[in-house]
Amino acid sequence: MSDRTAASTPSGPPQRRAPLPSLTGLRFVAALLVFLYHTSYLAGPLRPTLPISFFADPDIAQPVADFFLPAGRIGVSFFFVLSGFVLTWSATPGDRPTAFWRRRALKIYPNHLVTFALAIWLWASATPLHAWLANLSLVHAFSNRPDTAMSVNFPSWSLCSEVLFYALFPLFIVVVRRIEERRLWLWAAGMVAGVAAMAVVTKQFMAGGAKSPFGDLTANQEWFGYAFPPPRLFEFVLGMLLARIVAAGLWPRIGLLPSAAAFAVGYWAALTAPDPYNFSLTTVVPIGMILCAAATSDLRGDGGWLTSRPMVLLGNISFAFYLLQGLVVFYGRPEVLGSRTYDTVPALGMLLLLLAVNVLAAWLLYTLVENPVMKRWSRGRKQRSPQTAPRDTQPVSAGETV
């Protein structure tokens with residue numbers, strides 16, 4: 001498929017590219033990685049004396065926590081690359097920046113406001129004014145103060161990066177569309193080099209301050225290399241470039257299986273590499289491979305388990321699933337079960353039960369808040385018509401989120 005397929009036809013408006021339901025399914029895979037990381041905590045962030053992990057045997061709980069330690073960071077990186085890919089794939093020439101920004105704001109802020117309010121009510125009422133105002137505005141991750149950057153509903157820090165991506169996307173898409181097809185691979189390599197450069201800068205030039213509780217870095221290094229939004233732009237733009245590569249028919253016939261194998265190697269490297277090189281550097285290329293392989297599979301009509309109705313549904317609720325993890329995992333688990341842990345088989349059962357609770361809560365948030373808001377207000381009054389579905393309810397746009 002060429003980039004020209006999205007251009008205006010002589011007799012009609014710009015045509016939307018083919019839907020990519022596999023990418024919607026992959027959104028839940030990324031959110032699940034974050035969930036497995038969060039549920040492997042040996043101590044909760046709200047009640048450090050109570051475990052989050054369900055495993056009573058420390059010889060199991062500790063290796064599980066060690067194994068899933070990179071999963072949360074990798075899942076977030078997956079979201080960032082995916083966001084750039086899908087926004088670029090679904091963009092149409094002539095779309096006004098104000099219309100795009102309205103759709104993005106309606107996509108993220110209603111869910112954010114609901115989870116923010118619940119977090120304030122349940123545990124974060126003592127949050128300092130400067131922190132909760134920054135969090136409410138989704139600029140809190142721009143601060144290197146731990147009481148601000150990770151305030152209120154903890155997973156919301158990544159939305160600060162998404163807000164930056166959305167703010168710059170109308171400019172970036174103009175530049176990315178002007179890149180000659182023969183130079184797209186070079187630009188993509190440059191984005192990967194940018195990810196590597198940010199890891200080096202984090203390690204060599206951002207030292208100082210107290211030690212981070214999440215790894216071997218200082219809190220300032222952890223913030224700059226992981227939570228600070230500007231360095232994450234390299235992953236987002238990489239996704240944009242990969243969308244153009246697939247649209248231009250330049251992706252080689254590398255399928256999902258070898259791409260998943262490459263991801264497994266990258267994950268193993270993340271387990272062995274030191275911070276911050278394991279934040280996203282070891283897996284950013286395999287993530288791009290998976291996205292391109294899944295997209296080209298959809299274009300060939302091959303389908304697969306990622307395009308099944310359950311996976312597409314889970315993908316649609318993945319944003320809510322991600323945002324609710326702070327309430328379900330960090331608050332609900334210790335609030336309901338306290339410090340109770342279990343033998344291996346019951347522990348696995350409890351983990352599945354917690355996953356089901358998180359999925360159910362996400363479905364409710366999606367059904368009662370996210371989807372109705374998008375259906376009602378995602379398009380301007382002049383653009384809406386009974387025959388035209390809102391942009392973000394169509395298959396391609398289902399992936400336009402964190």
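1. Salt bridges are the place to begin: in this predicted model, the count of salt bridges comes to 9. Side chains of opposite charge can pair when their charged atoms come close. The points that follow take up several of these pairs before turning to a packing of two helices.

2. One salt bridge is formed by the side chains of E335 and R47, with an N to O distance of 2.5 Å. This pair ties together distant parts of the chain, since E335 belongs to helix α14 (residues 325-337), while R47 lies in the loop between α1 (21-38) and α2, and 288 residues separate the two. Both partners have intermediate exposure by their values: E335 is partly exposed, with a relative accessible area of 39%, and R47 is likewise partly exposed, at 36%.

3. How far apart are the closest N and O atoms in the salt bridge of R103 with D95? They are 2.6 Å apart. On the side of the arginine, R103 has a relative accessibility of 3% and therefore counts as buried, the cut-off for that class being under 20%. Its partner D95, at 24% relative accessibility, counts as partly exposed.

4. A further salt bridge joins D147 to R145, and here the closest N and O atoms are 3.2 Å apart. D147 counts as partly exposed at 33% relative accessibility, and R145 is also partly exposed, with a relative accessible area of 43%. Elsewhere, R73, E222 and D275 are joined into one network by salt bridges that share partners.

5. The helix packing deserves its own point. Two packed helices are described by the angle between their axes and the distance between the axes. For helix α2 (residues 58-90) and helix α9 (residues 233-247), the axes come within 7 Å and cross at roughly 45 degrees. Because of that angle, α2 is oblique to α9, and the crossing in which α2 passes α9 is right-handed.

6. Which residues bring the two helices into contact? On the α2 side they are S77, F80, V81, S83, G84, F85, L87, T88 and W89, and these meet E235, F236, G239, M240, L242, A243, R244, V246 and A247 of α9. By residue class, the contact of α2 with α9 is made up of 11 nonpolar, 5 polar and 2 charged residues.

Conventions:
Residues are numbered from 1 along each chain as its sequence is written. This is a predicted model: local features need pLDDT of at least 70, side-chain atom pairs count only at pLDDT 80 or more; totals for chains, interfaces and linings use all residues. Side-chain values use heavy atoms; hydrogens and water are left out. Axes are lines fitted to C-alpha atoms, for helices over the stretch in contact, and angles run from 0 to 180 degrees between N-to-C directions. Helices (H or I, at least four residues) and strands (E, at least two) are DSSP runs, numbered from the N terminus. Angles under 35 degrees count as roughly parallel, over 145 as roughly antiparallel, 65 to 115 as roughly perpendicular and the rest as oblique. A crossing is left-handed if the near helix is turned anticlockwise from the far one by less than a right angle, and right-handed if clockwise. Contact means heavy atoms within 4.5 Å. Ala, Val, Leu, Ile, Met, Phe, Trp, Tyr, Cys and Pro count as nonpolar, Asp, Glu, Lys and Arg as charged, and the others, Gly among them, as polar. A salt bridge is a side-chain nitrogen of Lys or Arg within 4 Å of a carboxyl oxygen of Asp or Glu. Buried means under 20% relative accessible area, exposed over 50%, partly exposed in between (1.4 Å probe, protein chains only).
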